[in-house]
Amino acid sequence: MNLSIIVSASIVLVLSILLLPFSPFDLPKQWLDFVLRRSSTSTSRELMADMIVHNGVIFTSDASLPFADSMAVLNGRILSVGNYSSLQNFAGDKTKVLDLEGKVVVPGFIDSHVHFIYGGLQMMRVELRGVNGKDEFVRRVREAVTNLEEGSWVLGGGWNNDLWGGELPVASWIDDITPKNPVWLTRMDGHMGLANSMALKLAGISSLLQNPNGGTILRSADGEPTGLLIDAAMKLILPWIPEVSVDERREAVLIAGNLALMRGVTTVVDFGRYFPGASIENSWEDLSDVYQWADSLGKMRIRVCLFFSMETWARLVDLITKTGRTLSDWIYLGGVKGFADGSLGSNSALFYEPYSDEPHNYGLQITNVENLFNMTVASDKAGLQVAIHAIGDKANDMVLDMYESVVLTNGKRDRRFRIEHAQHLSPGTISRFGEQGIIASVQPDHLLDDADSARKKLGMDRAERGSYQLQSLLASNAQLALGSDWPVVHINPLRSIKTAMKRIPPGWENAWIPSECLSLKDAIIAHTISAAYACFLDDDLGSLSPGKLADFVMLSTSSWDDFETEASASVEATYIAGSQAYP
């Protein structure tokens, strides 16, 4: 029998199942596998595509067919991928034809690490990202407080003291302009914040108060709080800040969704409004009050895979037992997250050696090791995926050792563990990711901010030896998933891909650690199929393969070779389930 007839007939059987009166997401993968092994005498004429996309350079992220020039879509899923002539049997009177005019198309990007609603909220607050000095910092706060009622909080963040030479802001910068309003402004990494004197007084933070476990109250030479709180110390002030209203959070998720689509992001892995010191209830409230609300009203713009505080692992197990991991076409339940350390920028990432600019500081261990281990064992035994935040080399080794012990306790299982960030690794650590099957969830754009500060804080040798080892991780057979950590940095996969390829920080002429640059294909794969694999969504997302959801992005470039060389392109259109979602 002619091979093309067999293939066409198999596809017809697959799609006939897809037409059953329930969501395509309800189809177990084994059903699709079974049907694809069957053949039939039916012809593909019996089933017509909703849309045929053609005349482009389609990078599929599917190793079996990396490139194609056309694809057919039916009921939100990919019917076939190949050349235009091979898809003519799927064209009917009602089939829409999309001419790409030679443009490059890639799978919808998956951002493997965001704080989605928090990012939307930040867009509605004082924006300090990119501020390069005290005067501009103060001006923006003054502008924000101008029309506020007495007693109302001034909230915002995104500041990066490295942009103005490293000097940390202090409460006295803004006290004179905010005498009647408490202020809380987070650093870009979310591991440090600045409170004004009114906020410190409201929270009872004085020279007499001791540092909490896993946190630091920065103090002046005479022992008085400067206004800066690091990691777990932030919990001293967060309870005094009024709860964000449901309406604000709902507005934030809509704003965030629109921005994501503009950037070609069709799925995010959302670690929620959960930071050291923050309430463990935030992510649960956002699930019920925001995501499920938006889903029920048809307002969801992109797909979300949700992670929750590790302290609430039992609650997540109960929910998954009742509903499964897929709540809808838009909402998936991912796993749980814990913290091992803080951040480099806040001098709270945990290292074996002290910071060069603070000789007695090795960083912070945010969570007690025994507690973290016990929660990880319980979460893993219950079948949950576990993700742990680790920045410094000691923190990464601590988590890898812990994961290894959990395997000895619970036995082996694929894709069970993630390390979020994995930014600074000690010699010999890289190979362990591949050997232990640990997913490295890394955010390349962090290196744009960290390159200069890492040299200053760690010293040239340490910074060059172990920072952002992307290519080495891939070479060690680690599964690499890329993301942004938005709103720490912008949600922009194309910029992330360029950073992973070029590694040139602002003001630099050459790459930082050029041996760790990725190829274009590897960078896209880490933002698509590998990212989907890393959160168990690869059966439906991550590649432009027959049977998968038709989430794809059309780029501005018409030349793959130019894209591969320059790594420059912008998003022209974003499609979700075959429907144009942007612009």
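## Charge pairs, rings and hollows

At 23% relative accessibility, glutamate 136 counts as partly exposed. It makes a friendly starting point for a walk through this model, which is a predicted one.

### Salt bridges

What does glutamate 136 form with arginine 139? The two side chains form a salt bridge, with their closest N and O atoms 2.8 Å apart. Both residues belong to helix α4, which covers residues 134–145, and they sit three residues apart, about one turn of the helix. Arginine 139 has a relative accessibility of 37% and therefore counts as partly exposed, as that value falls between the limits of 20% and 50%. The pair also belongs to a wider group: Glu136, Arg139, Arg140 and Glu143 are linked in a network of salt bridges.

Across the model, the count of salt bridges comes to 22. In general, side chains of opposite charge can pair when their charged atoms come close. Here are three of the pairs.

| Salt bridge | N to O distance |
|---|---|
| Glutamate 136 and arginine 139 | 2.8 Å |
| Aspartate 189 and arginine 187 | 2.8 Å |
| Aspartate 380 and arginine 416 | 2.3 Å |

Are aspartate 189 and arginine 187 buried or exposed? Aspartate 189 has a relative accessibility of 11%, and under 20% means buried, so this residue counts as buried. Arginine 187 is buried as well, with a relative accessible area of 4%.

The third row of the table joins aspartate 380 and arginine 416. This pair links distant parts of the chain, 36 residues apart: aspartate 380 is in helix α9 (residues 369–381), while arginine 416 is in the loop between α10 (393–410) and β19 (417–421). Aspartate 380 is buried, with a relative accessible area of 1%. Arginine 416 is buried too, at 4%.

### Two cysteines without a bond

How many disulfides does the model have? The count comes to zero. Cysteine 305 and cysteine 535 show why: the sulfur of cysteine 305 has that of cysteine 535 as its closest cysteine sulfur, but at 4.5 Å this is too far for a bond. A disulfide would need the two sulfur atoms within 2.5 Å. Seen from the other side, cysteine 535 is in no disulfide, and its nearest cysteine sulfur is that of cysteine 305. Both residues can be placed by accessibility: cysteine 305 counts as buried at 1%, and cysteine 535 counts as buried at 5%.

### Aromatic rings

The model has 15 aromatic pairs. In phenylalanine 271 and phenylalanine 307, the ring centres are 4.8 Å apart and the planes are at 35°, so the pair is tilted. This pair links distant parts of the chain, 36 residues apart, with phenylalanine 271 in the loop between β15 (265–270) and α7 (282–296) and phenylalanine 307 in strand β16 (residues 303–309). Phenylalanine 271 and phenylalanine 307 are both buried.

Phenylalanine 552 and tyrosine 575 form a stacked pair, at 4.6 Å centre to centre with 10° between the planes. Phenylalanine 552 lies in strand β22 (residues 552–555) and tyrosine 575 in strand β23 (residues 571–576), so the pair ties together parts that are 23 residues apart in sequence. Here again, phenylalanine 552 and tyrosine 575 are both buried. Elsewhere, Phe59, Phe67, Trp560 and Phe563 form one aromatic cluster.

### A pocket and a cavity

The second largest pocket has a volume of about 520 Å³. It is lined by 23 residues, and the closest to its centre are Leu238, Ile241, Arg273, Ala278 and Asn282. Which elements give two or more residues to this lining? They are α3 (116–122), β10 (154–159) and β11 (183–187), and α3 gives the most, with three residues. By class, the lining of this pocket holds 13 nonpolar, seven polar and three charged residues.

The model also has six cavities of 30 Å³ or more. In the largest cavity there is about 180 Å³ of space. Of the 20 residues that line the largest cavity, the closest to its centre are Asp189, Ser343, Gln423, His446 and Asp450. Asp189 is already familiar as the salt-bridge partner of arginine 187. Helix α12 (residues 446–458) provides the largest share of the lining of the largest cavity, with four residues. That lining divides into four nonpolar, 10 polar and six charged residues.

Note on methods: Residues numbered from 1 in each chain as written. Predicted model: local features only at pLDDT ≥ 70, side-chain atom pairs only at ≥ 80, totals over all residues. Heavy atoms only, no water. Salt bridge = Lys/Arg side-chain N within 4 Å of Asp/Glu carboxyl O. Buried < 20%, exposed > 50% of the residue type's maximum accessible area, 1.4 Å probe, protein only. 1 Å grid on protein atoms, 1.4 Å probe; cavity = no way out; pocket = protein on both sides within 12 Å on 5 of 7 lines; lining within 4 Å. Points joined across faces, edges and corners; volume = space filled by probe spheres on them. Nonpolar A, V, L, I, M, F, W, Y, C, P; charged D, E, K, R; others polar. Phe/Tyr/Trp six-rings, centres within 6.5 Å; stacked < 30°, edge-to-face > 60°.
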